[in-house]
Amino acid sequence: MISWARPHIRKLSSSTSSRVTMIQYNTRLRELTKTGYLGDARALFDSMPCRDEISWTTLISGYVSAMDMTEAFALFSDMRVQPALHVDHFMLSLLIKACTLDMNPNLGESLHGYAVKTGDANSLYVGSALLDMYTKANRIELGYRIFDEMPLKNVISWTAMINGLVSCGHYREAMSCFAEMCKSEVQCNGHTFAIILKACADLGALSCGREIHTHVIKKGFDASSFVADSLATMYNKCRKFDNAVRLLERMPTQDVVSWTTIITTYVQMGMEESAFVAFLRMKRSGAGPDEYTYGAVISACASLARTICGEQLHAQVLCKGLLNSLPVANSIISMYSKLGQLSSALAIFHEITNRDIVSWNTMVTGYSQEGYGEEAFELLSWIRIEGLRPTESTLSVVLTVCGNMAILKQGMQLHALVLSLGLEQAPTIQSALINMYAKCGSIKEASKIFDEATNYDIVVWTTMINGYAEHGYSHEAIDLFEKLASVGLRPDPVTYIGVLTACSHAGLIDLGFDYFDSMSREQRISPSREHYGCMIDLLCRAGRLDEAEHMIKRMPYECNDVVWSTLLRACKINGDADRGRRIAEHILDLDPNCAGTHIALANVYSAKERWTDAAEIRKMMKSKGVTKEPGWSWIMVKDCVSTFVAGDQSHLHSEELCDVLNFLCSGETCVQDVVSLVYDIED
């Protein structure tokens with residue numbers, strides 16, 4: 001009597017013939033390996049009175065599935081010394097698969113040699129396994145040779161070849177291989193379609209992706225979830241978000257991947273509310289969100305500024321133990337940063353034990369957006385201390401801080417770091433450098449960066465156009481805008497803001513209106529509130545206040561205080577007191593306590609010598625308790641930023657600084673006197 005490892009399995013009778021007993025042994029062995037009871041399977045294997053090729057193959061397969069390659073190859077070595085046993089092509093393909101999973105192509109090459117020696121190399125199973133191993137080891141040429149030498153090719157070998165090419169980034173070659181497969185008698189399966197759709201996605205080949213979509217429908221694979229997910233990913237990467245959502249929404253059942261793709265697509269479309277609704281539907285359907293789902297929906301909460309929802313999702317993540325997942329943790333840090341809760345973001349950041357560069361970038365971005373420039377610089381220093389390589393994103397954010405704070409010295413140091421890292425030709429870095437130099441007043445250096453750019457990128461050109469426009473180089477900005485078509489670039493909405501600003505500063509009214517009209521007529525860009533603001537500024541600078549007011553009233557947007565304030569300032573310059581009062585009333589309806597509007601209206605009256613009206617406005621300000629917020633200035637000396645307002649006495653050395661300024665203003669001091677005073681202050 002033979003007693004099995006599991007008591008519920010019936011015992012075998014000793015009277016059973018040896019051949020039937022072998023079948024039953026192998027059946028039981030297969031059951032144990034498939035259900036993961038490898039210890040019991042090994043005990044049964046060792047107790048078998050005799051073993052055939054099926055017995056050995058079954059147990060080795062179990063070890064390979066469990067990723068125990070050491071035991072799998074030890075068994076193979078034992079099998080080879082058994083004189084009555086033959087290593088067939090099934091066994092060889094299994095062992096080559098083990099080499100692929102274990103990333104051991106050198107051992108795989110030895111098996112390849114053994115297969116050639118035994119005549120099994122041309123076997124369909126061995127050839128497909130070798131092909132898969134070599135392509136996944138990035139040895140494409142050898143994989144091609146194996147593929148070409150195969151006398152027969154089935155869907156597995158074709159799919160393995162296409163998958164290898166896609167994995168190595170040879171997308172066009174993969175598509176050519178797919179075309180050859182379609183010409184052959186071999187039919188594609190779902191895996192083939194999913195892999196070639198990835199090639200289309202990474203290439204951005206929308207037309208090819210659509211053709212493959214029709215084949216998918218014809219073959220009936222459109223109901224397959226992983227093929228549908230691949231199609232949706234392709235449409236997403238080709239910026240056809242509507243197609244992706246419709247495709248997934250029509251599926252009879254959605255798995256976690258489908259739901260996550262739907263949510264991610266809505267976020268990419270800027271439809272965060274729909275993303276959140278989809279997440280709630282996913283929860284009701286019984287599908288369990290994974291780390292990528294939470295990462296997407298937390299991003300949606302951040303964009304919607306839903307603090308409570310974000311905190312609830314944070315709690316769910318903690319309950320599910322997903323905070324150790326970097327995508328989730330980084331999304332939570334980003335959410336709290338966008339909501340202005342930097343202390344919460346920093347707490348999560350410190351809880352992460354395996355921080356990556358994305359974690360650091362998120363914190364740097366958070367501090368930068370909240371105006372904490374010094375802290376952003378400190379984090380950049382820590383990134384380098386931790387041995388991490390700053391990315392384009394990190395450096396572009398900190399360069400933006402330099403531009404906003406007008407600290408040229410630190411910006412130049414970052415430029416040197418960019419050069420040492422070899423990132424000077426990255427478009428994001430180039431645009432950040434141009435912006436930094438332009439905002440720091442070094443427009444010539446910004447122009448030099450632009451001239452050295454080798455890649456044509458609309459963001460880089462737009463940044464340079466805006467830089468020229470802001471510095472009063474209107475004709476240079478317009479000339480650059482006119483060259484866009486010759487280098488194959490199309491202006492975007494931000495580009496038009498730059499060129500319209502240039503026209504405004506140069507007083508080129510007709511040209512400004514030509515550009516404004518061409519936006520919708522030629523580029524299919526609907527003018528935004530900012531574009532209308534540029535045109536109103538253009539008319540105001542030209543003194544055409546009637547036209548400016550008319551344009552404000554016919555804007556397809558709700559008029560805010562910014563455009564009215566532009567017209568109000570023009571009323572002061574042009575001495576139009578009556579219009580100024582009417583405009584001021586519009587602004588005060590929107591913001592009754594706007595100090596700038598009260599002061600601007602008082603200045604309008606003063607310019608017309610209507611002193612009584614001006615005094616009345618200032619009296620009204622005092623009765624309302626409206627005060628103008630002072631404008632702050634700052635200066636950096638010896639890496640220390642000092643801020644001040646007019647008449648500020650809060651600085652430690654304010655008295656000495658005022659003495660220096662008085663000496664300079666008197667015109668009676670010499671250089672030696674000033675140097676002596678400065679040294680006294682430093683002491």
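**Exercise 1. Helices H4 and H5**

Determine how H4 and H5 cross in this predicted model, and classify the residues where H4 and H5 touch.

*Solution.* Start with the handedness: H4 and H5 cross in a left-handed sense. Next, take the geometry. Helix H4 covers residues 69-80, and its axis lies 11 Å from that of H5, at an angle of about 150°. Angles over 145 degrees count as roughly antiparallel, so H4 is roughly antiparallel to H5. Now list the contacts. From H4 come Met69, Phe73, Phe76 and Met79, and they meet Met91, Leu95, Ala98, Cys99 and Leu101 of H5. Sorting these by class gives nine nonpolar residues, with no polar and no charged ones.

**Exercise 2. Helices H5 and H6**

Repeat the analysis for H5 and H6: at what angle do the two helices pack, and which residues meet?

*Solution.* Begin with the axes. H5 (residues 89-101) and H6 (residues 105-118) have axes 9 Å apart and pack at an angle of about 165°. With the cut-off for roughly antiparallel at over 145 degrees, H5 is therefore roughly antiparallel to H6. The crossing of H5 past H6 is left-handed. On the H5 side, the contact uses Leu92, Leu95, Ile96 and Cys99; on the H6 side, it uses Leu107, Gly108, Leu111, Tyr114, Ala115 and Thr118. By class, that contact has eight nonpolar and two polar residues, and no charged ones. To find the polar pair, remember that Gly counts as polar.

Comparing the two lists, Leu95 and Cys99 of H5 appear in the contact with H4 and also in the contact with H6.

**Exercise 3. Aromatic pairs**

Work out how the rings of Phe147 and Trp158 are arranged, then do the same for Phe450 and Trp461.

*Solution.* For context, the structure contains 15 aromatic pairs. In the pair of Phe147 and Trp158, the ring centres are 5.0 Å apart and the planes stand at 80°. Planes over 60 degrees apart count as edge-to-face, and that is the class of this pair. Now place the rings: Phe147 belongs to helix H8 (residues 140-149) and Trp158 to helix H9 (residues 155-167), so the pair ties together parts 11 residues apart in sequence. For burial, the cut-off is under 20% relative accessible area. Phe147, at 5%, is buried, and Trp158, at 9%, is buried too.

Turn to Phe450 and Trp461. Their ring centres are 5.0 Å apart with planes at 80°, so this pair is edge-to-face. Phe450 sits in helix H26 (residues 443-452) and Trp461 in helix H27 (residues 458-470), so parts 11 residues apart in sequence are tied together here. Phe450 is buried at 11% relative accessibility, and Trp461 is buried at 7%.

As an extra, look for a cluster: ring pairs join Phe178, Phe193 and Phe221.

**Exercise 4. Positive phi**

Locate Arg239 and Ala305 in the chain, and decide whether each is buried or exposed.

*Solution.* First, recall the background: most residues other than glycine have a negative phi. Arg239 has a positive phi, near 65°, and Ala305 has one of about 60°. Next, find their places. Arg239 lies in the loop between helix H13 (225-237) and helix H14 (241-249). Ala305 lies in the loop between helix H17 (291-304) and helix H18 (307-320). Finally, apply the cut-off for exposed, over 50%. Arg239 has a relative accessible area of 59% and is exposed; Ala305, at 51%, is exposed as well.

Methods. Residues are numbered from 1 along each chain as its sequence is written. This is a predicted model: local features need pLDDT of at least 70, side-chain atom pairs count only at pLDDT 80 or more; totals for chains, interfaces and linings use all residues. Side-chain values use heavy atoms; hydrogens and water are left out. Axes are lines fitted to C-alpha atoms, for helices over the stretch in contact, and angles run from 0 to 180 degrees between N-to-C directions. Helices (H or I, at least four residues) and strands (E, at least two) are DSSP runs, numbered from the N terminus. Angles under 35 degrees count as roughly parallel, over 145 as roughly antiparallel, 65 to 115 as roughly perpendicular and the rest as oblique. A crossing is left-handed if the near helix is turned anticlockwise from the far one by less than a right angle, and right-handed if clockwise. Contact means heavy atoms within 4.5 Å. Rings of Phe, Tyr and Trp (its six-membered ring) pair if their centres lie within 6.5 Å; planes under 30 degrees apart count as stacked, over 60 as edge-to-face and the rest as tilted. Buried means under 20% relative accessible area, exposed over 50%, partly exposed in between (1.4 Å probe, protein chains only).
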